[in-house]
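Student: Please take a close look at one part of this with me, and then carry on from there in one go. I'm new to this, so explain the terms as they come up.

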Amino acid sequence: MKKRVVKLLGKIHNYIMESISTGKKLHFTLIDPDKVSEPDKLEKIANLMAEYGTDAFLIGGSLGVTPEEATETAKVLKSTGLPVIIFPGNINCLTPEADAVLFMILMNSMEKYYLIEAQIAASIIIKKYGLETLPTSYIVVYGDTAVAHVGRVYPIPINKPEIVLAYALASEMLGLKYIYLEAGSGSQKPVPPTFSRIVKKNTDLVVIVGGGIKSPYIAQELLKNGADIIVTGTIVEEDPQKATKIIGAIKNFNQ
Ligand code: 1GP
């Protein structure tokens with residue numbers, strides 16, 4: 001195999017850190033290629049989110065994403081000029097058309113596949129594709145979502161933020177830079193703000209929060225409680241105008 005340099009923490013990481021380090025909060029728009037597959041609809045959504053100030057696009061889904069769909073989606077999203085980051089449900093979500101990949105460990109999975117095997121399966125492909133890797137600790141809070149089922153997740157008791165802190169500290173000690181606190185796509189409840197707060201207070205990890213964020217109020221509560229980056233997916237697909245209001249709330253928070 002030809003030697004290629006691993007792009008750990010490069011251009012996209014710098015783009016994120018330049019904002020985060022000044023206290024600015026970011027919004028990422030998640031697109032699941034299995035759910036938004038018509039190019040016209042995708043282009044419309046992408047342009048709308050970019051116009052309202054989303055800071056990057058994530059591509060991913062727990063089930064049913066083909067590599068071709070991931071590639072086509074990345075091409076459309078890239079035309080906005082914003083960073084495109086893979087948020088992989090599995091290695092089928094990888095595409096060379098993206099800029100970076102959240103290189104994740106599903107910390108509270110009971111399955112070794114999600115702890116280390118998927119990463120091994122993906123590593124050479126990522127290197128060949130030349131994708132930048134963003135080392136990320138992924139914690140799925142609730143047990144009743146698609147990601148929890150597919151990822152064989154051991155849920156976190158919501159009145160025990162100290163358990164999340166233990167995961168976060170271990171992540172930092174392992175050298176990971178990002179933590180993604182996940183309620184699960186379409187979750188009825190968002191991540192408890194106590195979880196983001198305890199992580200922010202006790203670590204230097206970049207705190208990404210997603211799942212079930214359906215209103216500006218929820219987004220702002222999470223931002224007040226330590227979230228650096230808010231991710232919305234379902235609301236973008238179901239009610240793009242409402243999603244723009246969430247972006248607006250994040251932008252206002254920055255002022
Ligand atoms: C899912 O955190 C993301 O992985 C976004 O969740 O679809 O509920 O916005 P929603």
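Tutor: Let's get the vocabulary going: a residue is buried when its relative accessible area is under 20%, exposed when it is over 50%, and partly exposed in between, using a 1.4 Å probe and protein chains only. The areas themselves come from the Shrake-Rupley method with a 1.4 Å probe, and for residues only the protein chains shown count as cover.

Two bits of small print. This is a predicted model, where local features need pLDDT of at least 70 and side-chain atom pairs count only at pLDDT 80 or more, while totals for chains, interfaces and linings use all residues. Residues are numbered from 1 along each chain as its sequence is written, and side-chain values use heavy atoms, leaving out hydrogens and water.

Try the words out on Ser 123. It sits in helix α4, residues 112-129. (Helices are DSSP runs of H or I with at least four residues, strands are runs of E with at least two, and both are numbered from the N terminus.) Ser 123 has a relative accessible area of 34%, so it counts as partly exposed. A polar atom of its side chain lies 3.1 Å from the backbone oxygen of Ile 120. That's a polar contact: a pair of N or O atoms within 3.5 Å, where, within protein, one must be able to donate a hydrogen and the other to accept it, and residues adjacent in sequence count only if both atoms are side-chain atoms. For a sense of distance, Ser 123 and Glu 162 are 39 residues apart along the chain, with 32 Å between their C-alpha atoms.

Now for the close look, at helix α7. It covers residues 193-202, and Ser 196 is one of them. Is Ser 196 buried or exposed? Buried, because its relative accessible area is 0%. Look at what it touches, skipping residues up to four places away in sequence: Leu 181, Val 207, Val 209, Leu 222, Asn 225, Gly 226 and Ala 227. Contact here means heavy atoms within 4.5 Å.

Lys 201 belongs to helix α7 too, but with a relative accessible area of 71% it is exposed. Remember Gly 226 from the contacts of Ser 196? The C-alpha atoms of Lys 201 and Gly 226 are separated by 7.5 Å, although the two are 25 residues apart along the chain.

Next comes Thr 203, in the loop between α7 and β8 (206-210). Its 6% relative accessibility makes it buried. Its side chain has a polar atom 2.9 Å from the backbone oxygen of Val 199, and there is one 3.2 Å from the backbone nitrogen of Leu 205. Again skipping residues up to four places away in sequence, Thr 203 touches Leu 165, Ala 168, Leu 169 and Glu 172.

Those contacts take us towards α6 (161-173), and the loop between α5 (146-150) and α6 is where you'll find Arg 152. Arg 152 is partly exposed, because its relative accessibility is 43%. Its phi is near 50°, a positive value in a residue other than glycine. Most residues other than glycine have a negative phi.

On to the ligand. Which residues come nearest to it? Of the 13 around it, they are Glu 182, Ser 185, Gly 186, Gly 233 and Thr 234; being near means having a heavy atom within 4 Å. Oxygen atoms of the ligand lie 2.9 Å from a polar side-chain atom of Tyr 180, 2.7 Å from a backbone N or O atom of Gly 186 and 2.8 Å from a backbone N or O atom of Gly 233. Taken alone the ligand exposes 310 Å², and the protein buries 95% of that.

The space that the ligand takes is the largest pocket. On a 1 Å grid over the protein atoms alone, a pocket is an open set of points with protein on both sides within 12 Å along at least five of seven lines. A molecule sits in one if more than half of its atoms lie within 2 Å of its grid points.

Key. 1 Å grid on protein atoms, 1.4 Å probe; cavity = no way out; pocket = protein on both sides within 12 Å on 5 of 7 lines; lining within 4 Å.
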